[in-house]
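Colleague: Got a minute to walk me through this model? I'd like to start with the contacts.

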Amino acid sequence: MTPLRVALMIGGCWSIPTFISFLPIMQGWNSIGIDHLIEQRRHSEGSNSTSCIFMVNKPYALTCSVVAFYIPLVLMVLAYQRIYITARAHALQISILQRAGGGGGGGIDHQRNHRMRTETKAAKTLCIIMGCFCLCWAPFFVTNVVDPFIAYAVPEQLWIACLWLGYINSMLNPILYAFLNKSFRRAFLIILCCGRKRYRRPSILGSGAPCTATQINGSTHVVK
């Protein structure tokens with residue numbers, strides 16, 4: 001994970017929604033073929049000409065939902081299936097190491113045990129985050145696809161509830177990351193507290209030690 005990759009990922013997270021949501025809606029592509037239904041609903045509800053009646057046609061509902069939710073959902077399920085298999089394998093290895101007891105190479109076994117436990121916990125954290133994402137956004141995108149095919153019969157209150165349930169997911173993400181992952185919690189504190197040193201990871205060596213590069217849990221750290 002490099003700064004360039006992070007920049008590309010963040011850029012993709014903003015540019016893809018721009019092309020599937022903002023641009024089509026501002027161009028009116030979502031209302032092609034259903035303008036008369038939008039006018040009927042506006043007059044039937046007694047709304048004025050400036051009120052926002054948001055409805056989408058079948059092609060846009062399918063395209064937007066598939067690109068924004070269903071394709072990412074399938075990719076995440078496949079990815080987390082592999083993570084789950086790896087986590088189970090690590091759990092089995094931990095059990096074998098624990099049963100082996102006090103054999104030789106205790107230090108190496110302890111490091112492997114600690115690393116596998118950390119990776120297993122990270123996998124569980126990701127699964128919880130993915131589960132919340134699916135539970136929060138699935139009702140909205142199911143409703144978004146079904147509504148055009150049932151003559152837009154979904155009640156407005158249900159639409160609002162599904163939409164706000166999706167928004168709640170955005171509120172839950174920083175809470176879940178902060179409570180379930182120590183590294184994210186430390187990063188949040190550093191950002192919110194303007195990078196104060198007391199929230200940074202302490203050096204594992206004394207202040208008088210020479211500057212060297214060492215491997216800690218698979219990542220390189222430069223310490224003095």
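Modeller: Sure. Contact here means heavy atoms within 4.5 Å. Among contacts between residues at least 6 apart in sequence, 51% join residues at least 24 apart.

Colleague: Any ground rules?

Modeller: The model is predicted, so local features need pLDDT of at least 70, side-chain atom pairs count only at pLDDT 80 or more, and totals for chains, interfaces and linings use all residues. Residues are numbered from 1 along each chain as its sequence is written, and side-chain values use heavy atoms, with hydrogens and water left out.

Colleague: How many helices and strands does the protein have?

Modeller: There are 6 helices and 2 strands, taken as DSSP runs (helices H or I, at least four residues; strands E, at least two) numbered from the N terminus.

Colleague: Which residues make up the largest nonpolar core?

Modeller: Phe 69, Leu 73, Tyr 80, Met 130, Cys 134, Trp 137, Phe 140, Phe 141 and Cys 162. A nonpolar core is a set of buried Ala, Val, Leu, Ile, Met, Phe, Trp, Tyr and Cys residues joined through side-chain atoms within 4.5 Å, where buried means under 20% relative accessible area with a 1.4 Å probe, protein chains only.

Colleague: Which element gives the largest share of this core?

Modeller: H4, with 5 residues.

Colleague: Switching topic: at what angle do the axes of H5 and H6 cross?

Modeller: Roughly 115°, and the axes come within 5 Å. They're lines fitted to C-alpha atoms over the stretch in contact, with angles from 0 to 180 degrees between N-to-C directions. H5 and H6 are therefore roughly perpendicular, a label covering 65 to 115 degrees.

How values were computed:
Angles under 35 degrees count as roughly parallel, over 145 as roughly antiparallel, 65 to 115 as roughly perpendicular and the rest as oblique. Buried means under 20% relative accessible area, exposed over 50%, partly exposed in between (1.4 Å probe, protein chains only).
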